[in-house]
Amino acid sequence: LDQSGVHLQTVDTGDFSAELQTGTPAILSQLVDNPGDAFELAFDYQFVTGTGTLSVFLQDGDQSLDLADLTGSGPESAFEHFAQTYSFADLCANFIGVSCDPSTIFKLAFNFDDPGNEGSILKLDNISLADLSGESFLLNGDFQTGSLSNWQINDSQHVQLSEEATLVAAPEPATLLVFMPGIAGLLLMRRRRLKRADPTSC
């Protein structure tokens, strides 16, 4: 029931996202080819409970290239958008031990943690890692397969698929009762007209 007195009901939208919940660090990752010299990382995120830190990086064994660090600053009711362009050569120059070989397979990882707070929730959607021509290195970044296929997770209890929902106005039972007698009357009048028009009717 909203402030105007309209009854609302929750309806699934068929739009999916990944939901990460702390307890232990929640990690969502996918193996990707070397993105080349220049690439763009983009994704939508929502700190549902308002706390926690999201770290995004390209991982090569025990070494990683940091791409983004985002921290919740209060509960969010809608998704925010992140997009940034990187120079792969510059990233490699800043991290000793990371292979810059073009044949290197990296792991793109999203690590969500909130030390001391169990149950903090972050949602991710529309994840894209692409070169500047638009060629994507990711599969199922929008989760519209209705699954986490192509993604790796560290804990199925803390990384799950979430279906977005929306509120819509529900039919009022009282309103239906008001209109039912009128509808019944119209149907009765139509039936009587049909009988008069049919000479074989009694």
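Guide: Before we start, one definition: two strands pair if DSSP finds at least two bridges between them. Keep in mind, too, that this is a predicted model.

Visitor: Got it. What pattern does the protein follow, read along the sequence?

Guide: There are ten strands and two helices to place. Six strands come up before a helix does, then four more strands, and a helix closes the run. Written out, that's β-β-β-β-β-β-α-β-β-β-β-α.

Visitor: In what order do the strands of the open five-stranded sheet sit?

Guide: Let's build it from its pairs. Strand β4 (residues 53-60) runs antiparallel to β5 (residues 63-71), with eight bridges between them. Strands β2 (residues 26-33) and β7 (residues 105-113) are also antiparallel and are joined by eight bridges. Put into the whole antiparallel sheet, the order reads β5-β4-β7-β2-β9.

Visitor: And which are the edge strands?

Guide: Look for strands that pair on one side only. One end of the order is β5 and the other is β9, the latter covering 152-153. The edge strands are therefore, with pairing needing at least two bridges, β5 and β9.

Visitor: Which residue in β5 is the bridge partner of L58?

Guide: We're in the hairpin here, where two residues separate β4 from β5. One residue of that turn, G61, has a positive phi of about 65°. Across the hairpin, L58 is bridged to L65.

Visitor: What about A26: which residue in β7 is its bridge partner?

Guide: This takes us to the β2 and β7 pair, which is antiparallel. A26 opens β2, given that the strand spans residues 26-33. Its partner in β7 is F112.

Visitor: How many residues are in the largest nonpolar core?

Guide: The residues with the most contacts inside it are L28, F43, L108, F110 and L124. L28 gives a feel for it: among its contacts beyond four places in sequence are L108, F110, L124, F143 and W151. Strand β3 (residues 38-47) supplies the largest share of the core, five residues. The full count is 37.

Visitor: Is the Y45 and F47 ring pair stacked or edge-to-face?

Guide: Their ring centres are 5.8 Å apart, and both residues are buried, Y45 at 12% relative accessible area and F47 at 1%. The two also belong to a cluster of linked rings that includes F43, F82 and F110. The planes are 75° apart, and planes over 60 degrees apart count as edge-to-face, so this pair is edge-to-face.

Visitor: Is G72 buried or exposed?

Guide: G72 lies in the loop between β5 and β6 (80-87). Setting aside neighbours within four places, it contacts F47, G50 and G52, and its C-alpha is 8.8 Å from that of V48, 24 residues away along the chain. Its relative accessible area is 17%, and buried means under 20%, so G72 is buried.

Visitor: Last one: what share of the contacts with a separation of 6 or more is between residues 24 or more positions apart?

Guide: For the overall picture, 35% of the 202 residues are buried. The protein exposes about 11700 Å², with carbon and sulfur atoms supplying 53% of that area. As for contacts with a separation of 6 or more, the share from residues 24 or more positions apart is 77%.

Methods:
Residues numbered from 1 in each chain as written. Predicted model: local features only at pLDDT ≥ 70, side-chain atom pairs only at ≥ 80, totals over all residues. Heavy atoms only, no water. Core = buried A, V, L, I, M, F, W, Y, C linked by side-chain atoms within 4.5 Å. Buried < 20%, exposed > 50% of the residue type's maximum accessible area, 1.4 Å probe, protein only. Contact = heavy atoms within 4.5 Å. Phe/Tyr/Trp six-rings, centres within 6.5 Å; stacked < 30°, edge-to-face > 60°. Areas by Shrake-Rupley, 256 points an atom, 1.4 Å probe, with all protein chains shown as cover.
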